[in-house]
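Open the model in your viewer and switch to a cartoon view. Have your selection tool ready, and follow the stops in order.

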Amino acid sequence: MEDRKAVVVGISGASSSGKTTLARLLRDVFPATFILHEDDFYKPETELPMKDGLLDWDCDEAIDIPAMTRALSWIRSHGTFPPFVDSMQDQNSVGACPVSDAAIAAAKSKVAAWLAPGSAGHGILLQQQADGNEPDAGLRVCLLDGFLLYSPPMETGGVPAALDARLFLRVSRARAVERRGARDGYVTLEGFWTDPPGYVDRVVWPNYAAAHARLFRGGDVEGALDEHVLREMGIRAQTDRGADVDMETTFAWAVDLVMERLEEIAGRR
């Protein structure tokens, strides 16, 4: 492995597509894993652009991209959460876990078997020794959860290039509106944000469609993904399952992808 301390896995998709839920599930089954949230890089509210008379939290211009790339560089070099990032995202609720206890237990067992001596994953990740100490060798995993990771401005800013794996979650407009409407709001630098009436239809979804049209055939973000474009950009998605894939299926898919990518980075594939 090259001189690095961590592997960074990007998890992107529309608001309410399940990114944070998936990141928390993966963190709980892979050792030495932590989450970095794109939402931790919002600019101050006074610097946000306006769209259709509303504050626009859901565009590239709302994110401090240089600060995010600096954090990703720190993580790769040090393998720890950046000390200069003040994370508030875990103060936001994502609701009840939609994955069964049995499925989570099965994933934990699968990862543990993969990490065991003689198995493909052994020694790739940092794991505590019997005496409670960590070994000198091994990687940590950072899961970058973000609604906007693969757009042209993010590419220009170097975000996708800093990711070792790029996952993309789909969601239909109807499901996104339903899920977002069920949320209380979001903790921000200034306090607490609650979506004003019409915010999803006027800001969130149009911005998502504009930023991700190139990933879909004909630019239709509720249609089929363009597998050629995904391959060119190194993005992995569930291309054969439609828009609203249940989280239990998505979780199992993501566990396999993370193990596969870690083996590739370790030179075992």
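Is the crossing of H5 and H6 left-handed or right-handed? Select both helices and turn the view until one lies over the other. The crossing of H5 and H6 is right-handed. Keep in mind that this is a predicted model.

**Stop 1: H5 against H6**

H5 covers residues 173-181, and it packs on H6 at an angle of about 120°. Their axes are 11 Å apart. An angle of about 120° falls outside the 65 to 115 range for roughly perpendicular and is not over 145. H5 and H6 are therefore oblique to each other.

Now show side chains. On H5, pick Arg-173, Ala-176, Val-177 and Arg-180. On H6, pick Tyr-199, Val-200, Asp-201, Val-204 and Trp-205. These residues make the contact. Colour them by class: 6 are nonpolar, 3 are charged and none is polar.

**Stop 2: zoom out**

Show the whole protein chain. It holds 8 helices and 9 strands. The chain has 269 residues, and 49% of them count as buried. Next, think about contacts between residues at least 6 apart in sequence. Of these, 71% join residues at least 24 apart.

**Stop 3: H1 and H8**

Select residues 19-29 for H1 and 247-265 for H8. The two pack at an angle of about 50°, with axes 10 Å apart. That angle makes H1 oblique to H8. Here too, the crossing is right-handed.

Which residues of H1 meet H8? Select Thr-21, Leu-22, Leu-25, Leu-26 and Val-29. Across from them, H8 offers Met-247, Thr-250, Phe-251, Ala-254, Val-255 and Val-258. By class, this contact has 9 nonpolar residues, 2 polar ones and no charged ones.

**Stop 4: what surrounds H1**

Stay on H1 and add a surface. Of its 11 residues, 9 are buried, so H1 is largely enclosed by the rest of the structure. Lys-19 and Arg-24 are among the buried ones. What covers them? Among the elements over the buried residues of H1 are strands S1 (6-13), S2 (33-37), S5 (140-146) and S6 (165-169). Helix H3 (101-115) and H8 are also on the list.

**Stop 5: the nonpolar cores**

Hide the surface. In soluble globular proteins, nonpolar side chains tend to be buried together. Look for that here. The largest nonpolar core has 50 residues. Select Leu-36, Ile-63, Leu-72, Leu-144, Phe-168 and Leu-215, which have the most contacts inside it. Elements giving two or more residues to this core include S1, S2, helix H2 (65-78), S5 and helix H7 (227-233). Which element gives the most? H6 does, with 7 residues.

Centre on Phe-168. Beyond its neighbours within four places in sequence, Phe-168 is in contact with residues including Ser-12, Tyr-150, Tyr-208, Leu-215, Phe-216 and Trp-253.

There is a second, separate core of 35 residues. It includes Leu-22, Val-29, Ile-124 and Val-258. Three of these names should be familiar: Leu-22 and Val-29 of H1, and Val-258 of H8, appeared where those helices meet.

**Stop 6: His-228**

Finish on H7, and select His-228 there. Is His-228 buried or partly exposed? Its relative accessibility is 45%, so His-228 counts as partly exposed. Now draw a distance from the C-alpha of His-228 to the C-alpha of Phe-216. These residues are 12 apart in sequence and 9.8 Å apart in space.

Methods
Residues are numbered from 1 along each chain as its sequence is written. This is a predicted model: local features need pLDDT of at least 70, side-chain atom pairs count only at pLDDT 80 or more; totals for chains, interfaces and linings use all residues. Side-chain values use heavy atoms; hydrogens and water are left out. Axes are lines fitted to C-alpha atoms, for helices over the stretch in contact, and angles run from 0 to 180 degrees between N-to-C directions. Helices (H or I, at least four residues) and strands (E, at least two) are DSSP runs, numbered from the N terminus. Angles under 35 degrees count as roughly parallel, over 145 as roughly antiparallel, 65 to 115 as roughly perpendicular and the rest as oblique. A crossing is left-handed if the near helix is turned anticlockwise from the far one by less than a right angle, and right-handed if clockwise. Contact means heavy atoms within 4.5 Å. Ala, Val, Leu, Ile, Met, Phe, Trp, Tyr, Cys and Pro count as nonpolar, Asp, Glu, Lys and Arg as charged, and the others, Gly among them, as polar. Buried means under 20% relative accessible area, exposed over 50%, partly exposed in between (1.4 Å probe, protein chains only). A nonpolar core is a set of buried Ala, Val, Leu, Ile, Met, Phe, Trp, Tyr and Cys residues joined through side-chain atoms within 4.5 Å.
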